[in-house]
Amino acid sequence: MIQADDPSGGPEVHRDPISVLVVEDEALIRMVIADHLRDTGFEVTEARSADEAIQILGGAQKVDIVFSDVNLPGTMNGIDLALWLRSNQSSVLVMLTSGVGAQDMPPDIRGRIPMIMKPYDLDTVVHRLKILAAGSR
Amino acid sequence: MRLGWIGRDYRRSVSLVAAIVIVAPVVISSLWTWQVWSEKRSAALDRSRQGAALVSEYTSRVIQSQILLLNQIDRVVAEHPNAEAFQLHNALRAMDASFQYTTSLGIIDRNGDTVAGSRTYPLKANFADREYFKALRDTDRTFFIDRLILRPLRRDTISVVRRRPGDDFRGVITASTEISKFTDFLTTMSVEPGTLAVLVRDDGKVLARPDADDQPTFMQPDGSGMRAMAAAASGFFDAPGRLDGIKRTYAFTRVPDLPLYAVHGFSNREIWNDTFVAMLPNIAILLICAALAYLAFIGLMRRVEMERMRTSAEHNRRLLDEARRTSALREAMLKEVNHRIHNNLQTVQSLIQMQSRRQIDPAAMLKEISKRVWAISEVHSLLYRSAQYSRLELSGFIQALAANPGIVPPESGVKVVCDLEKVTIETRQAVPVALIVLEAVINALKHAFPDNRSGRINIMLRELDGQAEIVVTDNGIGLQPEGSRSSGTRLSAVLADQISGDFACETGEAGGTVVRLRFPVNLNDEDEAGGMAAAAK
């Protein structure tokens with residue numbers, strides 16, 4: 001399938017819809033970004049924690065990009081999840097979001113994992129996710 | 001500042017102890033020395049008194065023996081008034097020989113010419129120039145003692161001279177004793193260093209000293225010795241020696257029935273020397289003890305000072321650690337606040353996004369968004385005002401909501417009644433719960449009382465078995481089938497899910513709408529603070 005209409009002005013054309021796993025413990029935020037991503041052509045799955053996300057990733061569902069908040073409840077946060085993916089599912093792309101500044105991120109993460117700061121613009125997220133997906137295909 | 005104070009206190013203490021260590025031995029040594037000196041002086045004075053008594057006794061015995069000879073001469077002359085000079089010489093010689101202390105016996109007539117002498121015959125000499133002769137001839141005195149160089153024997157003697165019996169002056173008789181008989185005795189009484197025994201006539205003439213070659217001298221007429229002897233038969237006085245200049249304390253006693261004083265003195269310098277020798281080891285031990293005490297005190301003070309400094313350093317280190325922990329905690333809190341601000345802005349943006357998807361009047365949409373922003377803002381105001389930023393006492397928010405005319409307009413005719421317990425929830429639960437309660441109240445105001453009818457909204461807050469329960473009921477028309485509340489209900493359900501809560505919205509038995517929210521409030525004392533501290537690390 002060719003996606004000809006790109007509302008964010010993104011440069012990439014995809015054959016399949018990009019599958020995004022949104023990991024966010026703030027339900028309202030998660031609901032709104034998930035709805036917006038669906039509206040803009042993504043396939044979206046939602047998770048409230050990193051543990052739940054790993055459970056989904058272990059299933060049959062295809063996930064191209066994990067869009068995760070850094071500050072998550074449970075045994076792992078967003079950074080742990082990104083590191084887990086690098087070790088276990090390196091084909092899955094990761095983009096993190098946080099209310100904490102990038103300067104407060106661990107040095108080994110800073111600059112190596114795409115990050116978007118809260119509060120983010122929904123269309124900007126769409127654009128960044130598309131660029132990320134295009135770079136991998 | 002404290003260290004400075006401790007330093008000053010330490011230096012003051014050391015100075016004080018140093019002063020005590022210096023002054024105390026001096027005072028103790030002085031008092032002790034004075035006591036020892038007093039005892040030694042008293043003992044020396046006692047010895048001098050005894051010495052004076054011995055000199056007096058010796059002198060008395062010698063002089064009384066001479067007086068007995070004089071009595072015997074008087075008797076012989078009285079019994080043999082016409083005896084020839086040679087006969088008298090023999091008699092005197094016999095008497096002289098019978099007494100070991102006698103050096104010469106003599107009889108002198110009224111003109112001073114010799115009548116007879118025990119050691120020389122014939123003796124042609126005139127003694128009218130002698131002081132004793134003049135005194136006995138020209139005054140009413142009958143007895144005279146003096147130190148004389150005998151003529152022609154040239155022997156140094158102490159002579160006892162007595163006027164011959166009779167109303168008219170008929171001459172004198174003399175009995176002389178070699179001066180060495182006295183000086184030898186005085187020498188034995190002056191063997192101790194600085195001591196001196198002398199024989200003094202009552203007019204102050206020193207007749208005999210230990211050294212036989214010493215010529216007679218006179219005591220100061222107005223000196224302490226003369227005054228003391230004039231005042232009492234015995235006593236003591238201080239005076240420098242006329243010949244050697246040594247300052248002595250002299251004990252004196254009058255020789256019984258004679259115009260003589262036996263005097264015995266001791267040197268004050270010797271007493272001081274003895275005192276010094278006796279005290280030197282004691283003073284040395286005292287000074288050593290004082291020095292050791294000083295060193296021990298200095299050591300103790302240093303240890304105390306070191307301990308104080310160590311305690312102070314420990315205290316400062318604890319303060320520094322505390323400051324670092326506080327700083328780290330504040331930094332973590334700042335990051336957390338910053339994080340929440342960004343999250344809340346994201347939440348506001350999400351609310352706007354949600355509202356924008358609905359087909360409603362833009363003004364009404366903005367008004368609803370404004371109320372939700374107020375709720376988020378009020379939650380944070382309460383959080384900032386509370387002592388614990390990590391927790392929120394929920395009834396405060398609900399009361400503020402009920403009292404907010406922007407949420408519940410007074411002209412609406414709807415009364416909000418609150419029945420609230422104090423329930424504390426975690427910060428992460430605060431915004432979702434606040435938005436759910438707000439949504440319930442807004443929905444009731446919008447949908448439960450159509451046609452401007454009045455009514456009542458009850459808000460009840462309870463906590464039971466670790467679960468908080470909020471129930472918002474109204475006495476309105478109840479849920480309508482067309483689902484006018486669906487948007488707000490969906491939002492509430494999503495928010496309830498975020499806090500692991502159960503949300504329900506239904507028509508109540510009395511006909512109104514009942515909105516019920518239950519969620520866990522398992523507060524852990526270390527939840528937030530511990531998390532922040534961990535974040536600070």
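**Exercise 1. Polar contacts and salt bridges between the chains**

Find how many residue pairs are in polar contact across the interface of chain B and chain A in this predicted model, and which elements of chain B supply the side that touches chain A.

*Solution.* Begin with the count: across the interface of chain B and chain A, 10 residue pairs are found in polar contact, with both residues at pLDDT 80 or more. Next, look for the elements behind the side of chain B that touches chain A, where α6 (268–356) and α10 (486–498) of chain B each supply at least two residues. Of the elements, α6(B) gives the most to this side, with 13 residues. Sorted by class, the side of chain B that touches chain A holds six nonpolar, 10 polar and four charged residues. Finally, turn to the salt bridges, of which the rule finds three across the interface. One of the pairs that form a salt bridge is D497(B) with R30(A), whose closest N and O atoms are 3.9 Å apart; this pair counts because the rule accepts a distance within 4 Å.

**Exercise 2. The extent of the interface**

Work out how many residues of each chain are in contact, what area is buried between chain B and chain A, and which three residues supply the most of chain B's share.

*Solution.* Start with the residues: 20 residues of chain B are in contact with 22 residues of chain A. Then take the area, which is about 2,000 Å² buried between the two chains, with carbon and sulfur atoms giving 55% of it. The last step is to divide the area that chain B buries against chain A among its residues, and here H339(B), Q346(B) and Q498(B) supply 27%, more than any other three residues.

**Exercise 3. A pocket and a cavity**

Describe the second largest pocket and the largest cavity by volume, by lining and by the class of the lining residues.

*Solution.* For the second largest pocket, the space comes to about 360 Å³. Its lining has 16 residues, and the closest to the pocket centre are K371(B), P409(B), S412(B), L445(B) and K446(B). Two elements of chain B, α7 (362–385) and α9 (427–448), give two or more residues to this lining, and α7(B) gives the most, with four residues. By class, the pocket lining divides into seven nonpolar, three polar and six charged residues.

For the cavity, note that the structure holds four cavities of 30 Å³ or more, and that about 220 Å³ of space lies in the largest. This largest cavity is lined by 23 residues, of which S104(B), F127(B), L150(B), R151(B) and T174(B) lie nearest its centre. The strands β1 (104–108), β2 and β5 (172–178) of chain B each supply at least two lining residues, and β1(B) gives the most, with five. The lining of the largest cavity has 11 nonpolar, nine polar and three charged residues.

**Exercise 4. Backbone exceptions**

Locate the cis peptide bonds at P119(A) and P122(B), and the place of the positive phi at D257(B).

*Solution.* Most residues other than glycine have a negative phi, and most peptide bonds are trans. In chain A, a cis peptide bond with omega of about -5 degrees joins K118(A) and P119(A), and P119(A) is found in the loop between β5 (115–117) and α4 (122–136). In chain B, the peptide bond from Y121(B) to P122(B) is cis, with omega near -10 degrees, and P122(B) has its place in the loop between β2 (114–117) and α3 (131–138). Lastly, D257(B), although not a glycine, has a positive phi of about 65 degrees, and D257(B) is placed in the loop between β10 (247–254) and β11 (260–267) of chain B.

How values were computed. Residues are numbered from 1 along each chain as its sequence is written. Chains are lettered from A and ligands numbered from 1 in the order in which they are written. This is a predicted model: local features need pLDDT of at least 70, side-chain atom pairs count only at pLDDT 80 or more; totals for chains, interfaces and linings use all residues. Side-chain values use heavy atoms; hydrogens and water are left out. Contact means heavy atoms within 4.5 Å. Buried area is the accessible area (1.4 Å probe) that two parts lose on being put together, summed over both. A salt bridge is a side-chain nitrogen of Lys or Arg within 4 Å of a carboxyl oxygen of Asp or Glu. A polar contact is a pair of N or O atoms within 3.5 Å; within protein, one must be able to donate a hydrogen and the other to accept it, and residues adjacent in sequence count only if both atoms are side-chain atoms. Ala, Val, Leu, Ile, Met, Phe, Trp, Tyr, Cys and Pro count as nonpolar, Asp, Glu, Lys and Arg as charged, and the others, Gly among them, as polar. On a 1 Å grid over the protein atoms alone, a cavity is a set of points where a 1.4 Å probe fits but cannot get out, and a pocket is an open set with protein on both sides within 12 Å along at least five of seven lines; lining residues have an atom within 4 Å of a point. Grid points are joined across faces, edges and corners, and a volume is the space filled by probe spheres set on the points.
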